[in-house]
Structure formats: C-alpha cells, structure tokens
Amino acid sequence: MGVTTDRDGDPATTRERAMSLSNRKNNYEEILAAHKSAWAKYWDTSNIALDDKELESVWYRNHFAFGCAQSRKSKPLGSGGNVMVQDFEPWHGDIHTNHNFQKWYCTALPTNHAEWIDVYADFINDTLPLFEYQAKLIFNLDGAYCDLSYLPIMSHKYFNINNHMGRALAVTGWMGQPLWWHWMFMRDKTWLRERGYPYLKKAAQFYFNYLEKYSNETNEIFPSIRLEEPGWMKDFRGNRNVISDLCMFKKAFDRAISAAEILGIDEDWQGKWKTARSRIPPIEHGIDENREGWIALDKDWPHEEPKKRADEARYSRWGGGGWIVYPGEYVDGDGNDTLTLALRDMIRRTDLMNPFYSELEQKLIYPGVPIVHPISSIVPAIRLGVMEHFESIRKVLLSHRLTYGQFSSYMLADGDIPKEVMGHTGYIWYDWRAVENKYIGVLAVTEMLLQSQSGIIRLFPFWPKNQNIGFNGMRAQGGFIVSAARKNNKVTAQLESVAGDTAYIKCANAPNVTCNGKKVDVSYNGDIASFKTAGKNIYNCIWEN
C-alpha cells in the first residue's frame, strides 16, 4: 500500500507518488526491518523496571503512544494528537498553545528523546514571523506575542486571533519553556544559539515592552486572564497580576538573561530584563489562623479574603498551587520557604479525585457522579512530596493507560454530556483527550523516579520505601544521562556526564562515588552531595537510602 496526500508535494503527481510507494520491490520487508530497528532503539534509549507491574505498564503503554506520534519528519501535533476518536477533528486539529500543545513535549527530555524538542522548535521557528507580526498588530510592540490557537498548516496571511482566551499573556512565556529545557538537559550551546535563543529573546523583549507601555505605578501586569478563565470582568477585576503571568513573566526574563549570559551577547538587553524582572510583584501567599496555606489567584479575584481565595484555588484548573510548581516552576517543590509550605499544605488538603468542586457543590449539582479531573494536580503533588496522595495518583494513572475511557469532567461540568450517557462509571468513550493525556502516565511515573529541577538530581523522590525499582537512560538537568536502582534501601546510580558540569544529588547520606575505578571527592552539605565531573565520563554512586 502507498498513501500520499496533496500536501506531500506537487498535487499533480499525488497518484504517481502513491503508486511508486506501493510498487517498490521488497517494500514490506524493508519497512518491517526498519520498523523493528527503530523500536529496538526506542526502548533501549530509556526504560523502567518496577515491582508495581500495573504502574509500570502505564509508563510503557503511554510512552509507546508517544513513540507512535512523534517524529522529526512530522508536523507538530494539534488537539487530539494523531489518532481520530471521532469522525472529525476538534477545533480543526489546531495547535492550542496552552497545555494541549505542551503535553506532547514535556516528557521528551526526561525520557531522553531530545529529537521531539526539534519538532517543537521547528514550529516555533517557522511561526516566529507571525508571533512578531501579532505583537505589532495587536499591541503595537516589538518582540514576539503568542496567541492561544494556530493551525499546524497555516498561511501567515490568515490566522486566528482570540480576544478572550487569546489574551492570556502567560502563553508567550510558556512557549519558550521547552526551548530552555533543551539547554538545561542537553547543554548544547549551538542549539541554544540557533534554535532556542531567537524565540527566548523575542518573548522577553515583548514582555519588557508590554510592562513599559501598560504597567502602572504599582507594577500591575494587566489586562490579562488566567488560561481559559475567568474572562474579562468590569474594571479588569480579576485581570490584574494573574498568577500564571507572575510565573511566566519572571521565567521568561530568567531564561533570556541566562541564555544571553551563556552566549555572551545582548548585554544591553540583559540589563533591561533584569530591571523589568525586579518589578514583577511577588505571589501573595501565607498561612492563615487555622495553619492552612493559601495563595492569591490574582489581584482582586474572586474574593478579598485570602482564605476564600485559597478555597477557590483548590478548585481551579489553572489558578491553584499546581501552576506555581509545574509548569510555572516558580518554586522547586521540595523547599521549605513559606510559599512552598503554603502550596504543599494546599495540595495536601486537595482531594485529587475531585479537585474542582467542594463537597457541598458536588452534593447539590452532581449527586452520585464522580467528578475527576486530577491531571493538572498530579505532578505538583509529586514534586511537593505529598506522599499521602500516592494511592490516589496511582488510581488516576491506571485509568489513563488504555486507549479509551478518558474521563472528562469539564464536559460533564459544562452540561454537555447527559448523566444517562455517562452511566455510573464516570467515563466517556469518544473523548479526544484520551490521546493527548497519555503524557501524564509517562511524566508522573518518570518524576516519581527522577527529578532534576534547578539542576539537583533527586532519585526515587516519590515512591514507597518498601518497593524495589529502577530505570535506565533517563536525562537530568545539568547534562547527565542517569540510570539508577533501589533495592533493599540501597541506591546505586550511574551518571554519564555529557558536558562536564558539577553533579548535584539530593540523598539521605553522603554517597561513595567512583569513576574508572578511582574514588571521586564528594562534598556533602545538608542533604546535597556534589562532585566535579569530566565530559563523557561515567560516575558510579552508591548510598544507603
């Protein structure tokens, strides 16, 4: 069989191209051999071994789905991915630049598939002229502005502008995150200069110019909205200092400054970005009289009282503590600063099986119907180390390992699906999110086994102590390929240094480290071990957990 479309080349020769593909001698055997070789390489790149075989299967099934979807030769995946679960593609298969698009790339570097970030970078670089045009067209500003929706195949003459959801300013910063991750994991200066920095610079320039034009004497960032909610309000109440903007303005400036320093360029802009970054207001937070943590979603929304705002945060997809930890990465998650402590308490008190609605709301509106949309809370709970949520997270991940059966609480909440259709299972059988949400089984299990935010390697940070576990070929920030195992509370790890940076490992005891049979000097301060490495060398580490 040979299949082509009129987008593969000259439309006049589409039939001839298809015939040439189907008539090649030994075509089947060639394709089969290439297929086997590609999958063998894929599974050799990274793999895991868990005592919990059900949870292990989630990682493998979902990682397999991503392997079927991602290719440097392919276009970036839009809404619904590469599998049609309906007889139409929702939103014309657009690239929804918030979580719908980001899901396809957040597992790439930890699982050692940096080539997927090249697909992402291709889209960013191809669309950068449009991002610049929209910054000028909509705001009359230089730099790059990213709207909410783009089409995978798109003319720069015709495109979407969404004056409601598209005005979430955080998206511009968020789109630069995978580009910066590539540097953090790969330490490839050439890639950073040619593929990453052009967008990181333009995004930071737009943010700088936006603050210069629109920010007031109290340094409010407005008008903006949280992603997909709550919309525009009178006097921009709830549209000032949006929590996702506070995260992403800061991170966009941080990335651009760091990248420029690494590359030794744009000193004038470095100074401007540092000044602008210092103007970004902090995230309001605290511990109330009941010793419960709270955060302010955004200025004046929806209540003045911190506790009420915290209550709203627990039942908001994008407004709550989850965004600050991931993907905002405003905090690392395992610290003890007051913001992290407040967030940890909020996530601890959040029912991950029902993060949207209070118990009263569920009784009044959806009696007897499970409302489950815990996806955005899982990684924050893991990074914050809230181990009491382990079993809830495990249940959610198991429900996402199959192709169908993806529950969609937002459809239920909007009244789109009658209760009779849902039955008593809480599942729908035609949800397009079933494809793109494969990411969570990979990302969550990977983060249970390995985390490396801020360049500190954390091995098995979110796993029951009594289970034996291991993985091979994962990547960590700082330029390391990591394989590790824990058996009988002893941790053994192998770090391949890609760039020769200093390794930082969080561990309960000072590790014994060797390289080429020789002992390596290790500094141990608190719970962080550090040692110098040389590029391309392998370091063996052992310690009691």
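Biologist: How many helices and strands does the protein have?
Modeller: There are 20 helices and 16 strands in the protein, and bear in mind that this is a predicted model.

Biologist: What makes a run of residues count as a helix, taking helix 2 as the case?
Modeller: A helix needs at least four residues. Helix 2, residues 27–45, has 19 residues, so it qualifies under that cut-off. From first C-alpha to last, helix 2 reaches 27 Å, close to the 27 Å expected at 1.5 Å a residue.

Biologist: Which residues of helix 2 are buried?
Modeller: Asn27, Trp39 and Tyr42. They are called buried because each falls under 20% relative accessible area.

Biologist: Why do you say that the buried residues line one face of helix 2?
Modeller: Look down the axis: the buried residues of helix 2 fall within an arc of 85°, so they line one face.

Biologist: And what does the face turned away from the buried side carry?
Modeller: Glu29, Lys36, Lys41 and Asp44 sit there, and they are exposed. That label calls for over 50% relative accessible area.

Biologist: How much of the whole protein counts as buried?
Modeller: Of its 545 residues, 55% do. As for the accessible surface, it comes to about 23900 Å², and carbon and sulfur atoms own 51% of that.

Biologist: On to the sheets. What is the strand order in the open sheet of 7 strands?
Modeller: The order runs 1-8-9-10-16-12-13, with antiparallel pairing.

Biologist: Why are strand 1 and strand 13 called edge strands?
Modeller: Strand 1 (47–50) and strand 13 (518–519) each pair on one side only.

Biologist: How do you know that strand 12 and strand 16 pair?
Modeller: Pairing takes at least two bridges. Strand 12 (residues 512–515) is joined to strand 16 (residues 538–544) by 3 bridges, so the pair passes that cut-off. The two run antiparallel, and Val513 stands opposite Cys541 in strand 16.

Biologist: Which helix lies across strand 1 and strand 8?
Modeller: Helix 3 (residues 53–69) does, running at about 165° to strand 1.

Biologist: What is the pairing like in the open sheet of 5 strands?
Modeller: Mixed, with the order 6-7-11-15-14. Here strand 6 (450–451) and strand 14 (523–525) are the edge strands.

Biologist: What makes strand 6 and strand 7 a pair?
Modeller: They share 2 bridges, in the antiparallel sense. The cut-off is at least two, so they count as paired. Gln451 has Arg458 in strand 7 as its bridge partner.

Conventions: Residues are numbered from 1 along each chain as its sequence is written. This is a predicted model: local features need pLDDT of at least 70, side-chain atom pairs count only at pLDDT 80 or more; totals for chains, interfaces and linings use all residues. Side-chain values use heavy atoms; hydrogens and water are left out. Contact means heavy atoms within 4.5 Å. Axes are lines fitted to C-alpha atoms, for helices over the stretch in contact, and angles run from 0 to 180 degrees between N-to-C directions. The expected span of a helix is 1.5 Å times one less than its number of residues. Buried means under 20% relative accessible area, exposed over 50%, partly exposed in between (1.4 Å probe, protein chains only). The arc is that of the directions from the helix axis to the C-beta atoms. Accessible areas come from the Shrake-Rupley method with a 1.4 Å probe; for residues, only the protein chains shown count as cover.
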